[in-house]
Amino acid sequence: MRWSALCLPVTDDASPPTESARQALAIWALQFTPRVSVLDEAVLMEVEASLRLFGGWPALHARVAAEAPALGVARLGWASNGLAALALARAGIENGLGGPLSARLDPLPLEVLGALRPHRLTLAHIGCRCLGDVRALPRGGLVRRFDRALLHALDQLYGQAPEVHTWVDLPERFEQRLELMARVEQAPALMVGAQRLLLALGGWLAARQAGVSAFALRWVHDALRARAAGEGGELVVRTATPTRDTTHLARLLAEHLARVTLQAPVGELCLRALEVQPLVTASASLLPPDGTADAAGEEGLTQVLERLSVRLGAARVLRPVLLDDHRPEAQCRWQPATEALPRQGLPVVSGPQPGFLLPQPLRLAMRGERPLFQGELQLLLGPQRIEGGWWDRDEAAGLHRNVVRDYWVAQSAQAGVLWVFQTRLEQAPAWFLHGYFA
């Protein structure tokens, strides 16, 4: 399991970040996973199920690390659970994955866990300076001296108890406000704050699989403005086609702001999505969604396989061909995808067939007359005799692939239901494992 903690900075008076800043960050995080929650000054997201969608762990980690600072993230932490990721981020340690979690958490100060903060002085008086010191205390004494919530939070931190989070719901409409760090007097300088709002808009659009064709940026003048300046102004930006490319939207907004003259210093921005439409993105797969070309002119499966065969080589793009043969290992062969399929019937199947075949049958040990595989096998159903291959000879290699076998469905206490056979041609018949039933 992989969790990330995105920590916004805390002011000198320990005031938490504004609600709008945390909400904007949470909306941006929703493009990576629906499992996003807000805790204290941080936004937590569980990304394990989304790794393949974003190109794997290194690619997702690099993208989050590159984009999150623009949204005000001061520290970033990764761990196997949300509280641990938050604790590591508060301590300035980014990577908590790999190795024992306790080894990374034990040296951390008490302030990294919110449940311990109210009890820091008491714990310090009894000699506790780090999380490892608190863990070493008797659990019964912790509950009696403090409360059960502290012990439960400590167990959650170390992955010994399940976490409970309230997930952020994706809003139906996008409207985000941002209080600027300093008063802005020139319109082009508004892009610094607008860029953060556009990143949140991009995350919201990605989570909704939509694009925007019109959005509005509104600015609010400082309270000490002249009466004639009014409360603020608004700029509406439209695009020719729906998009969620925030780089393109930022360029358009910058062009418009270059032509704006502010009537008074600005202290707050608000970004709203006006016109939103579903946006169908191109598939990243090498194969089309079905086997035929559609009305939009996309390639059919045959054309794609031909192009891949030319690019990768015919020997690397293969398709299975079913053959009419009683021998299980001879019922399928692989041929280049661009070759014509032979006109042959489907394999003749009688009796139960396993879902998985071994590439080569595995010879089994014996105990008396019973075959063994992770214990003694119990024969459930059989025999099913298969004979064939008298015609299949390889004179150059001296091979004759004639088989005469009795197949059985067998039960293993450890391995489940198996497909085994006993040879009939050899002077000393042997038992082999040939497949597994799913």
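In this predicted model, strand E6, which spans residues 210–221, pairs with strand E7 in the antiparallel sense over 8 bridges. One position in this pairing can be named: Val 212 has Thr 243, in E7, as its bridge partner. Helix H10, formed by residues 246–257, packs on the sheet and touches both E6 and E7. The direction of H10 makes about 140 degrees with that of E7.

The pairing of E6 with E7 belongs to an open sheet of 4 strands, arranged in the order E5-E8-E6-E7 with antiparallel pairing. Strands of a sheet pair through backbone hydrogen bonds, in either a parallel or an antiparallel manner. Strand E5 (175–184) and strand E7 (232–243) stand at the edges of this sheet; each has a single partner strand, so one side of each is left without a neighbour in the sheet. On average, and with direction ignored, neighbouring strands of the sheet are turned by 20 degrees against each other.

The edge strand E5 also contributes to an internal space. A search of the whole structure finds 1 cavity of 30 Å³ or more, and the largest cavity holds about 50 Å³ of space. Its lining draws at least two residues from each of helix H1 (19–29), strand E5 and helix H9 (191–208). H1 supplies the largest share, with 4 residues. The residues that line the cavity are Ser 20, Ala 21, Ala 24, Leu 25, Leu 71, Arg 177, Leu 178, Arg 196 and Leu 197. By character, this lining divides into 6 nonpolar residues, 1 polar residue and 2 charged residues.

Note on methods
Residues are numbered from 1 along each chain as its sequence is written. This is a predicted model: local features need pLDDT of at least 70, side-chain atom pairs count only at pLDDT 80 or more; totals for chains, interfaces and linings use all residues. Side-chain values use heavy atoms; hydrogens and water are left out. Two strands pair if DSSP finds at least two bridges between them. Axes are lines fitted to C-alpha atoms, for helices over the stretch in contact, and angles run from 0 to 180 degrees between N-to-C directions. Contact means heavy atoms within 4.5 Å. On a 1 Å grid over the protein atoms alone, a cavity is a set of points where a 1.4 Å probe fits but cannot get out, and a pocket is an open set with protein on both sides within 12 Å along at least five of seven lines; lining residues have an atom within 4 Å of a point. Grid points are joined across faces, edges and corners, and a volume is the space filled by probe spheres set on the points. Ala, Val, Leu, Ile, Met, Phe, Trp, Tyr, Cys and Pro count as nonpolar, Asp, Glu, Lys and Arg as charged, and the others, Gly among them, as polar.
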